[in-house]
Amino acid sequence: MCTRACLKNHSRHLHAPLCAIFVLATAICCVCLAGVIVACGRRAGQGEGGAQTEIQVFIAASLNAAMSDLAQQYERIHPDVKIVYNADSSGTLLTQIREGYACDLFFSAAQKQMDGLEADGFVREGSRRDVLCNQLVVLAAKGSGTAVRGLESLSKAQSIALAGASVPAGQYTRRALASLGILQAQQDVDTISARDVAKALGDVEISEQDNVGKVLVAVAEGVCEVGTAYYSDTYGYEERVEVIEKVDTALTGDVVYPACLVYNREADGAQEKAAEAFLEYILSDEAKELFRQHYFIACEEDSRL
């Protein structure tokens, strides 16, 4: 009896440490497996929990349609990346970046705003590129019968939609009017108010808009008789607006769209690499073809017009 009882107790003492060892080994395996899964997810460009790598891209309002199509195209190729756009006037976007808004890539409608960003130290070294060219146009609603034939006859309009003085399209318009002698020539055209323009045109009614997309809508919906926007803005509006004049770049200066990577203190390594890859895609032949379909002209890479 004593021997049997002793054996039973001895067996019980052996089982306890064996069970503990088994539980510990199982736990270690689970931790290792979880680590492998997380590491694989990160190698694929995904964050914890399998989330996509998200990049903040600030784009001029006139790029909205083209860049929306480009993002869909890019995300099909790179499903691990999510592109979030902030579309507005380049001047507004510059102000937001200066105020601390998170931005990984800036795509401006003019060099002036990009110059300002670079002077403030926000442009990642060596990343600035001239990507696209455009052209200022005078627009009217389709079949409006307006007597306006271009900038030189703007005074014949009852109302004009005009982008504000901090908006590149508004600046190009003011520069062109100054080149024609309609406005007094000034070194910094963003000091010319809408009231100054109205007075120079014989007190015509001017509806000042805070981005070029709103100018287009005001003309297309008949709120204003004419307006100035970019040729690319007419994409998708061919049945609603007509181009009265393509303004010569000798009057406006070259209309160049530069892009750059932005120093973003909130971005991690994955976001920085994703932004770099997206900028490279913007410069690719595939992207250039899409931009051409949206009535943009591709600039030579590294040119500074």
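Student: Which hand does the link of Cys133 and Cys299 have, and what angle about the S-S bond goes with it?

Tutor: This is a predicted model, and in it the link of Cys133 and Cys299 is right-handed, with 120° about the S-S bond.

Student: What makes Cys133 and Cys299 a disulfide?

Tutor: Set the distance against the cut-off. The sulfur atoms of Cys133 and Cys299 are 2.5 Å apart, and a pair counts as a disulfide when the sulfurs lie within 2.5 Å. The pair therefore meets the rule.

Student: Why can we say that the pair ties together parts of the chain?

Tutor: Look at where each cysteine sits. Cys133 belongs to strand 4 (residues 129–134), while Cys299 is in the segment after strand 11 (297–298), so the bond ties together parts that are 166 residues apart in sequence.

Student: How many disulfides does the count come to?

Tutor: The count by this rule is one disulfide.

Student: Why is the sulfur of Cys103 not bonded to the closest cysteine sulfur?

Tutor: That closest sulfur belongs to Cys260, and the gap is 7.4 Å, which is too far for a bond. The limit is 2.5 Å.

Student: Is Cys299 buried or exposed, and how do you know?

Tutor: Its relative accessible area is 6%, and buried means under 20%, so Cys299 counts as buried. Cys133 is buried as well.

Student: What about Cys103 and Cys224: buried or exposed?

Tutor: Use that cut-off of 20% again. Cys103 has a relative accessible area of 1% and is buried. Cys224 has 4% relative accessibility, so Cys224 counts as buried too.

Student: Where is Asp203, and does Asp203 count as buried or exposed?

Tutor: Asp203 is placed in the loop between helix 6 (194–200) and strand 7. Its relative accessibility is 51%. Exposed means over 50%, so Asp203 counts as exposed.

Student: Which residues is Asp203 in contact with, leaving aside its neighbours within four places in sequence?

Tutor: Those are Arg195 and Ala198. A contact needs heavy atoms within 4.5 Å. There is also a distance to Ser155 to look at: 48 residues separate Asp203 and Ser155 in sequence, and their C-alpha atoms are 8.3 Å apart.

Student: Why are helix 3 and helix 4 called roughly parallel?

Tutor: Helix 3 (residues 90–98) and helix 4 (residues 111–119) pack at an angle of about 10°. Angles under 35 degrees count as roughly parallel, so the name fits this pair. Their axes are 9 Å apart.

Student: Which residues make the contact of helix 3 and helix 4?

Tutor: Helix 3 brings Ser90, Gly91, Leu94, Ile97 and Arg98, and helix 4 brings Gln113, Gly116 and Leu117. They divide into three nonpolar, four polar and one charged. If you wonder about the glycines, Gly counts as polar here.

Student: In the sheet with the order 7-6-8-5-9, what makes strand 7 and strand 9 edges?

Tutor: That open sheet has five strands and mixed pairing. Strand 7 (205–209) and strand 9 (241–246) each have a single partner strand, so one side of each is left without a neighbour in the sheet. Neighbouring strands here are turned by 35° against each other on average, direction ignored.

Student: How do you know that strand 6 and strand 7 pair?

Tutor: Pairing needs at least two bridges. Strand 6 (residues 159–163) and strand 7 are joined by five bridges and run parallel, so they pass. Within this pairing, Ile160 stands opposite Ile206.

Student: Which helix lies across strand 5, strand 6, strand 7, strand 8 and strand 9?

Tutor: Helix 7 (residues 212–220) does, running at about 140° to strand 8.

Student: In the sheet with the order 2-1-3-10-4-11, which are the edge strands?

Tutor: This open sheet has six strands and mixed pairing. Strand 2 (81–88) and strand 11 are its edges, as each pairs on one side only.

Student: What makes strand 1 and strand 3 a pair?

Tutor: Strand 1 (residues 53–60) and strand 3 (residues 105–107) run parallel and share three bridges. The rule asks for at least two, so they count as paired. Ile59 stands opposite Phe107 of strand 3.

Methods. Residues are numbered from 1 along each chain as its sequence is written. This is a predicted model: local features need pLDDT of at least 70, side-chain atom pairs count only at pLDDT 80 or more; totals for chains, interfaces and linings use all residues. Side-chain values use heavy atoms; hydrogens and water are left out. Helices (H or I, at least four residues) and strands (E, at least two) are DSSP runs, numbered from the N terminus. Axes are lines fitted to C-alpha atoms, for helices over the stretch in contact, and angles run from 0 to 180 degrees between N-to-C directions. Angles under 35 degrees count as roughly parallel, over 145 as roughly antiparallel, 65 to 115 as roughly perpendicular and the rest as oblique. Buried means under 20% relative accessible area, exposed over 50%, partly exposed in between (1.4 Å probe, protein chains only).
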